[in-house]
Amino acid sequence: MAAAKQVIPSEEPLSPFSRLFSLPGQDCFNIITMGCKTEGNAHAIVEGLKNTLINHPRFSSILETGLGEHKVKAKWIPTTVRVEDHVIVPDIDPNIENPDQFLEDYTTNMALSPMDKSKPLWEFHLLQLKTSYAGSVAVARFHHSLGDGMSLMSLLLACTRKTCDLEALPTFVVPKKSNERHICWSLIAWFWFIVRLLFHTCVEVFKSMVIVCSTRDNATPLKGKPGTTISVNKFMHRIFSLDDVKVVKNAMNMTVNDVLLGVVQAGLSRYLSQRFDLNKTSKSRKILEKNSIYGVVFFNLRPNRNIEDLAKMMEKGSKSRWGNSIGYVLFPLWIRLEEDTFEYIRRAKITMDRKKLSLEPIFSFALLKFTMKVLGLKALKNLVNSIFSRTSVIFTNVVGPDEEISFFDHEISYIAASSCGVPQGLTIHIQSYVKKVIINLAVDLNVIPDPHHLCDLFIDSLNSMKSAVLEMGSQKMEV
């Protein structure tokens, strides 16, 4: 691939959310780990980035916050990028005793270390390290002011190509359209949809505002002690089979997202019951039911576009929409000791269907923008802190490529993503890739002292659901 000449764009003002994430103490980073099947080649990655990523204006600009002695307008200042300064290859002992633990520690230290703001706010670390899942590992760190996690992940995937066709961009699973779509053209059906949309929007937005405006923090077992500062200080990931998820999904006629949310609720319920030494008695159930635990679930507000459109973001003169454009909903987690393991999935579906049939994600995004424009950065910072102080978990779920891909001649075995910088004790990010599901936990060890055990409980919960499905199938065959 021939090196392309870097295009220097013009200066651009910072968006409201880029300004928020550039404030002192508000540094947020997106961490994307890519396991490679072969040994890493730093030269190939450097040359590949020269032809793709740095052609995007955000990745070839320096962040001017306007917060120094000389009060200037916050903006992106174009610069010439030396890609070699952004690709780091640490010297690692090839005979290291526990490579998986080393990767966790390295990722954690990288995520928590400050980023040099005298150059564009991104970097790649190439680790010549054989782990349980990969022959080498590339870890990318992006400052959140560059864009939201969905934008950054999509842009990174637009740099990849299919392994079966090195000229073709990745493909993704497209949700099947309902065969009854024509019913929506019925006047009565359309009217009923509008009524339900308005009703659920009013109800869900009202409940969300009550939580955010609450005069006291809702103390939960997934929060630190009162007055302590919550911060992520541990990253880890685990891989399991997407086919196992689909077995449960097909049996219950639900979505993959419903099943994954159900697995998270089941795993957290088991974790809290074990941590507080509870058993399945009526008294134990009441102890868990007293804790109202809320999670933040993020929604991508951009219209769906093809991967080709995302690749154009790195072409000269691209006008593709970019930046932080995500909404959120406050999701009440079903933390109970249930005899029926499927109840966690049913509860997840009921709640998420209400959220999807409302404008709460759009309202939340509009509320943040309104607060920024009318009341200023300080008010926006207080609002964001209020949201996270009244919730206990962040949950995101991203659909990945359905065919194997390569990243500048490196065949990818898995992709894991997460973020840090928000005052939350537990962030759960789930990413699919071909026939794999990668669950990535970012935790505060003072809140979740044993994240590996929590991850085991998530996988055990899925296995219990799959076993229950197979048992139901065998019973039907006997009948």
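User: Why is strand 15 (residues 426-433) said to be largely enclosed by the rest of the structure?

Analyst: In this predicted model, eight of the eight residues of strand 15 are buried, so the strand is largely enclosed by the rest of the structure. Buried means under 20% relative accessible area, with exposed over 50% and partly exposed in between, using a 1.4 Å probe and protein chains only. Leu 426, Ile 428, Ile 430 and Ser 432 point one way, whereas Thr 427, His 429, Gln 431 and Tyr 433 point the other way, and all are buried.

User: What makes strand 12 (residues 393-398) and strand 16 (residues 436-443) partners of strand 15?

Analyst: Strands are DSSP runs of E of at least two residues, helices are runs of H or I of at least four, and both are numbered from the N terminus. Two strands pair if DSSP finds at least two bridges between them. Five bridges join strand 12 to strand 15, running parallel, and eight join strand 15 to strand 16, running antiparallel, so both satisfy the definition. Ile 430 stands opposite Asn 397 and has Ile 439 as its bridge partner in strand 16.

User: How do you know which strands are the edges of the open sheet with the order 5-6-7-2-14?

Analyst: Strand 5 (87-88) and strand 14 each pair on one side only, and these are the edge strands. Within this sheet of five strands, whose pairing is mixed, eight bridges join strand 2 (residues 29-36) to strand 7 (residues 136-143), which run antiparallel, and Ile 32 stands opposite Ala 140 in strand 7.

User: What makes a group of 56 residues the largest nonpolar core?

Analyst: A nonpolar core is a set of buried Ala, Val, Leu, Ile, Met, Phe, Trp, Tyr and Cys residues joined through side-chain atoms within 4.5 Å. Of the 56 residues in the largest one, Leu 49, Trp 122, Phe 124, Phe 142 and Phe 407 touch the most other members. Strand 14 (residues 412-420) gives the most to this core, with six residues. A second, separate core has 50 residues, including Met 252 and Val 437.

User: What share of the residues of the protein chain count as buried?

Analyst: Of its 479 residues, 51% count as buried, and the chain has 13 helices and 16 strands.

User: How do you know which residues and atoms these values rest on?

Analyst: Residues are numbered from 1 along each chain as its sequence is written, and side-chain values use heavy atoms, with hydrogens and water left out. Local features need pLDDT of at least 70 and side-chain atom pairs count only at pLDDT 80 or more, whereas totals for chains, interfaces and linings use all residues.
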